[in-house]
Amino acid sequence: MAPGACLLPRVNFIARHLAPLHRAFLHRSSLGSSPTLTPSFFSGLQAAAAAAVSSEVLPGSTRIGWIGTGVMGQAMCGHILEAGFSLTVFNRTPSKAEALCQKGAVMVNSPNAVAHQSDIVFTIVGYPSDVREVILGEKGVVQGLQPGGIVVDMSTSDPALAREIYAVAQERGCESVDAPVSGGDKGAKAGTLAIMAGGREDTVKGLLPLFKCMGTPTYMGPAGSGQSCKLANQITIASTMVGLVEGMLYAHKAGLDVTTYLQAIGGGAAGSKSLELYATRIQKRDFAPGFYVHHFVKDLGIALHECQQMGISLPGLALAQQLYVSLKGYGEGNLGTQALILTLERLNNLTLPTRNTD
């Protein structure tokens, strides 16, 4: 293949999108009008560039960057790698990216270096402070991303921060999408995550070939809307988990076989994804993290702060957050969210029977 041949489809696509703007610019000149480069002209130019980049997402030509290869991120970017995209990765703990490098990913030493070698950069890190550092920091993504590039934050973070990132990206001629996910480690490994996306709708649509490697995306609205949707998701999960563990403890105390009880309710109105994913793990005392307690406490804390800003009261959210905080108090923040059973067991001075076999 001739040097640069793989870039020809993208060059042609960009030319098609910019042609109408170019013709309008020349038309104004021919009429004797001053061809002033107005904000609306630049807005149209930026939209065309964004459409060109996002619509031309193809293995072999689109360079993907990934920052954060933990429990979720490693599986998620693994699907993109398997789809044939080139992948540049960064993780603060390099060993967590070694498995991806063995499959063809290239590791670099900073988020900025990832951006320099990528057209689209995904991030999935722990806390809003981490999001701010890896995207907006001195060695962050936006400092290295070329005009027309896209940063996609899949962390659960603050909606206001997502809007700030979007504004900064726009100033640099780039796009940003906030696209947090739900489905836990099993969903990440199976490629069945629910993806909640905020930002420009055409940018989100252009990212579909990548999102579909990881799960099912839903466009929620402008920047920050993806994060707001994820917080509502976490509020729902928190109360559901409290109900799940309380129901299991009640069934045990009432003398029921807990496994039979779970089978009885699984097909009815009490059935839920939380029951499906976590009930058996709870019975087996398997508290390995599909999603860490300390990250869940962070999410619920952000949700409570949002409620304060909005002036709404969600007492179920507040109760669940305090129950999870107590796990951190016992040094159990690195366990999975199903470890909530431990708090309820301590409150009631009883222990759920262990189920050792499937």
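The exercises below work through a predicted model of a protein chain.

**Exercise 1. Find where pLDDT stays under 50, and say how those stretches should be read.**

Step 1. Start with the whole chain: its mean pLDDT is 88, and 84% of the residues reach 70 or more.

Step 2. Look for the low stretches. One is residues 1-35, where pLDDT stays under 50. Another is residues 50-54, again with pLDDT under 50 throughout.

Step 3. Check what the model places around them. Beyond four places in sequence, residues 1-35 have 29 contacts, and residues 50-54 have 13.

Step 4. Decide how to read this. Where pLDDT is low, the predicted coordinates should not be read in detail.

**Exercise 2. Describe how helix α15 packs against helix α16.**

Step 1. Locate the helices: α15 covers residues 293-310 and α16 covers residues 315-329.

Step 2. Give the geometry. The angle between them is about 145°, and their axes lie 9 Å apart. The crossing of α15 past α16 is left-handed.

Step 3. List the residues that meet. From α15 they are V293, H294, F296, V297, L300, G301, A303, L304 and C307. From α16 they are L317, A318, A320, Q321, Y324, V325, L327 and K328.

Step 4. Sort this contact by class: 13 residues are nonpolar, three are polar and one is charged.

**Exercise 3. Place I235 and state which residues it touches.**

Step 1. I235 belongs to helix α12, which spans residues 225-253.

Step 2. Leave out residues up to four places away in sequence; I235 then touches A303, L314 and L317. Of these, A303 and L317 also take part in the contact between α15 and α16.

Step 3. Compare sequence and space for one pair. I235 and L304 are 69 residues apart along the chain, and 9.4 Å separates their C-alpha atoms.

**Exercise 4. Describe the largest cavity and its lining.**

Step 1. Count the cavities: the whole structure has one of 30 Å³ or more. The largest cavity holds about 70 Å³ of space.

Step 2. Name the lining: I135, V151, D153, S157, A162, I165, S176, V177, D178, A223 and Q227.

Step 3. Assign elements. At least two lining residues come from each of β5 (150-153), α8 (159-171) and β6 (175-178). The largest share, three residues, is from β6.

Step 4. Sort by class: six lining residues are nonpolar, three polar and two charged.

**Exercise 5. Describe the largest pocket and its lining.**

Step 1. The volume of the largest pocket is about 1000 Å³.

Step 2. Its lining has 50 residues, of which M72, I124, G290, F291 and H295 are the closest to the centre.

Step 3. Several elements each supply at least two lining residues, among them α6 (128-136), α9 (184-190), β8 (193-198), α12 and α15.

Step 4. By class, the pocket lining has 19 nonpolar, 22 polar and nine charged residues.

Conventions
Residues numbered from 1 in each chain as written. Predicted model: local features only at pLDDT ≥ 70, side-chain atom pairs only at ≥ 80, totals over all residues. Heavy atoms only, no water. Axes fitted to C-alpha atoms, helices over the stretch in contact; angles between N-to-C directions. Helix = DSSP H or I, 4+ residues; strand = E, 2+ residues; numbered from the N terminus. Left-handed = near helix turned anticlockwise from the far one by under 90°. Contact = heavy atoms within 4.5 Å. Nonpolar A, V, L, I, M, F, W, Y, C, P; charged D, E, K, R; others polar. 1 Å grid on protein atoms, 1.4 Å probe; cavity = no way out; pocket = protein on both sides within 12 Å on 5 of 7 lines; lining within 4 Å. Points joined across faces, edges and corners; volume = space filled by probe spheres on them. pLDDT = per-residue confidence, 0-100.
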